[in-house]
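Hi everyone, thanks for coming. Could you bring up the sequence and the model on your screens, please? I'll walk you through a few parts of it.

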Amino acid sequence: MSDYIWFEGIPFPTIGFKRETIEEVRNNFLIREEDTVILTYPKSGTNWLIEIVCLIQTNGDNKWVQSVPIWDRSPWVETKVGYEALINKEGPRLITSHLPIHLFPKSVFSSKPKMIYLIRNPRDALLSSYFFFRETNLVKDPGSLGTYIKWFLKGNVLYGSWFEHIRGWLSIRELDNFLLLSYEDLKRDPRRTIEKICDFLGKKLEPDELDLVLKHSSFQAMKENNMSNFSLVTEDTVTNGLKLMRKGTTGDWKNHFTVAQAEAFEKVYQEKMAGFPPGLFPWE
Ligand code: A3P
């Protein structure tokens, strides 16, 4: 059970976050042109994407991902620790964030970093976060999945509404320094999706290097990598053994939502997602 820091109507955990940092990040954090920014709503495959980008940078060599915790390789800018690490880091940075666009550093609009926005079926992101956060002290305990679905649909969950997150970030999807990817595409065709990331980052990999990126970013490899599987998360955050690598599939929500819950979700989804072009979301 935990309280939240409420920032402009959006709940953040009290552990690891500070109102002043969130404010400072938005107003004064300088994004640089040479930075690569990984953007997601929580539980959309953030860490998978970080692992892939790290492995692309090292041409598939896994020494870096096997020796440095994932949050040090690509810190979350809105956290206290991530912010401190990033402002002191020289050269091109990997930056991760779950912030909605209106809380993200304003400087992003005057520099031109490479931004990758990874989306996932919100039902799967919801289910993943339900199972993940209940093993932590970071959130209020919903008690049941049904309650959590209600909170999620209202945006009363960490980082606020999925629908607003999507609408905000997708409003800049035509920029040439913005790459839109989905968890579903990564699952269906990881090689092709990784090639797309390489093209976007301007990185040319040999076929055997690409094989290594695929191999070392697989679900099994990440599950066994203590630098990436969250087994190093400290005890002040975890109540009950934290597992990042839960199932790693698409559509698991169907095994957990009741028919009534699925219908209630669908109704809100249809209302909130009106106006997006058909074909944009692979889960539809
Ligand atoms: P599940 O809980 O559905 O298994 P995030 O990194 O944004 O917190 O997202 C975590 C989700 O991504 C979890 O989903 C996790 O299993 C999944 N994931 C992480 N690495 C993955 C990989 N290499 N392949 C497939 N899914 C992965």
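**Two helix pairs and a serine**

Helix 2 and helix 10 cross in a right-handed way; a crossing is right-handed if the near helix is turned clockwise from the far one by less than a right angle, and left-handed if anticlockwise. By helix I mean a DSSP run of H or I with at least four residues, by strand a run of E with at least two, both numbered from the N terminus.

Before we go on, please keep in mind that this is a predicted model, where local features need pLDDT of at least 70, side-chain atom pairs count only at pLDDT 80 or more, and totals for chains, interfaces and linings use all residues. Residues are numbered from 1 along each chain as its sequence is written, and side-chain values use heavy atoms, with hydrogens and water left out.

Back to our pair. Which residues of helix 2 and helix 10 make the contact? Leu49, Ile52, Val53 and Ile56 come from helix 2, while helix 10 brings Ile194, Ile197, Cys198 and Leu201. Contact here means heavy atoms within 4.5 Å. Sorted by class, these are eight nonpolar residues, with no polar and no charged ones. Nonpolar covers Ala, Val, Leu, Ile, Met, Phe, Trp, Tyr, Cys and Pro; charged covers Asp, Glu, Lys and Arg; the others, Gly among them, are polar.

Now find helix 7, residues 145-154, and helix 13, residues 259-272: their axes come within 11 Å and cross at roughly 5°. Axes are lines fitted to C-alpha atoms, for helices over the stretch in contact, and angles run from 0 to 180 degrees between N-to-C directions. The two helices are therefore roughly parallel, a label for angles under 35 degrees (over 145 is roughly antiparallel, 65 to 115 roughly perpendicular, and the rest oblique). Helix 7 offers Leu145, Gly146, Ile149, Phe152 and Leu153, which meet Gln261, Ala264, Phe265, Val268 and Lys272 of helix 13. This contact has seven nonpolar, two polar and one charged residues.

Next, look at strand 6, residues 178-182, where you will find serine 182. Is serine 182 buried or exposed? Serine 182 is buried, with a relative accessible area of 2%; buried means under 20%, exposed over 50%, and partly exposed in between, using a 1.4 Å probe and protein chains only. Leaving aside residues up to four places away in sequence, serine 182 touches Leu118, Ile119 and Pro282.

Finally, zoom out. The protein has 13 helices and six strands, and buried residues make up 54% of its 284 residues. Thanks for listening!
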